[in-house]
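Please walk me through this model in the viewer, saying at each stop what to select next and what can be found there.

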Amino acid sequence: MEPIHYFVTKIEGDYAILVPESCPQPVELPVALALLPDGIGEGTRLLYDNLEYTVL
C-alpha cells in the first residue's frame with residue numbers, strides 16, 4: 001500500500017475528518033482521535049503509511 005497524504009478539515013467530538021490531498025473529488029474520512037498523533041487540529045497535514053499516521 002502506498003503512503004497517503006491527508007488534510008484535517010475539522011474536528012467533531014472524538015473524530016477528525018480527513019480528506020486525501022490527491023483525491024480529485026473530496027471524500028471525507030472520519031478517524032478516531034485516539035488513532036492520530038497528539039496535538040493535531042484543523043489544517044494539519046498527515047501522512048498515513050504502514051498503518052500509522054504522522055504529522056507533516
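Select strand 4 together with strand 5 (residues 52-55), which pair in the antiparallel sense over four bridges; the model shown is a predicted one. Within this pairing, Y48 has Y53 of strand 5 as its bridge partner. Now move to the connection, where two residues lie between strand 4 and strand 5 in a hairpin, and pick N50 in the turn, whose phi is positive at about 55°.

Stay with strand 4 and add strand 1 (residues 4-12), which runs antiparallel to strand 4 and is joined to it by four bridges. To find the register, select Y6, whose bridge partner in strand 4 is L46. Next, add strand 2 (residues 15-20), also antiparallel to strand 1, with six bridges joining the two; here V8 stands opposite L18 of strand 2.

With these strands displayed, bring in the whole sheet, an open arrangement of five strands in the order 3-2-1-4-5 with antiparallel pairing. Strand 3 and strand 5 are the edge strands, each of them pairing on one side only. From one strand to the next, the twist averages 40°.

Which residues make up the largest nonpolar core? Select Y6, V8, A16, L18, V31, L36, I40, L46, Y48 and Y53, which are its 10 residues in all. At least two residues of this core come from each of strand 1, strand 2 and strand 4. As a general point, nonpolar side chains in soluble globular proteins tend to be buried together. Several residues from the earlier stops return in this selection, among them Y6, V8, L18 and L46.

From the core, centre the view on I40 and display its surroundings: with neighbours within four places in sequence left aside, I40 is in contact with V8, I11, A16, L33, L46 and V55.

The next stop is T44, which is placed in the loop between strand 3 (29-32) and strand 4 (45-49). Is T44 buried or exposed? Its relative accessibility is 15%, and because buried means under 20%, T44 counts as buried. Show the side chain of T44, which reaches the backbone oxygen of G41 at 2.8 Å. Then display the residues that T44 touches, which are Y6, F7, V8 and V55 when residues up to four places away in sequence are not counted.

Finally, turn to the charged side chains, for which a search of the whole structure finds two salt bridges. For one of them, select R45 and E21, whose side chains meet with 2.7 Å from N to O. This pair links distant parts of the chain, since R45 lies in strand 4 and E21 in the loop between strand 2 and strand 3, 24 residues apart. R45 counts as partly exposed at 37% relative accessibility, and E21 likewise counts as partly exposed, at 37%.

For the other salt bridge, select E12 and K10, where the closest N and O atoms are 3.5 Å apart. E12 is partly exposed, with a relative accessible area of 44%, and K10 is also partly exposed, with a relative accessible area of 29%.

Methods. Residues numbered from 1 in each chain as written. Predicted model: local features only at pLDDT ≥ 70, side-chain atom pairs only at ≥ 80, totals over all residues. Heavy atoms only, no water. Buried < 20%, exposed > 50% of the residue type's maximum accessible area, 1.4 Å probe, protein only. Polar contact = N/O pair within 3.5 Å; in protein donor to acceptor, adjacent residues only side chain to side chain. Contact = heavy atoms within 4.5 Å. Pairing = 2+ DSSP bridges. Axes fitted to C-alpha atoms, helices over the stretch in contact; angles between N-to-C directions. Salt bridge = Lys/Arg side-chain N within 4 Å of Asp/Glu carboxyl O. Core = buried A, V, L, I, M, F, W, Y, C linked by side-chain atoms within 4.5 Å.
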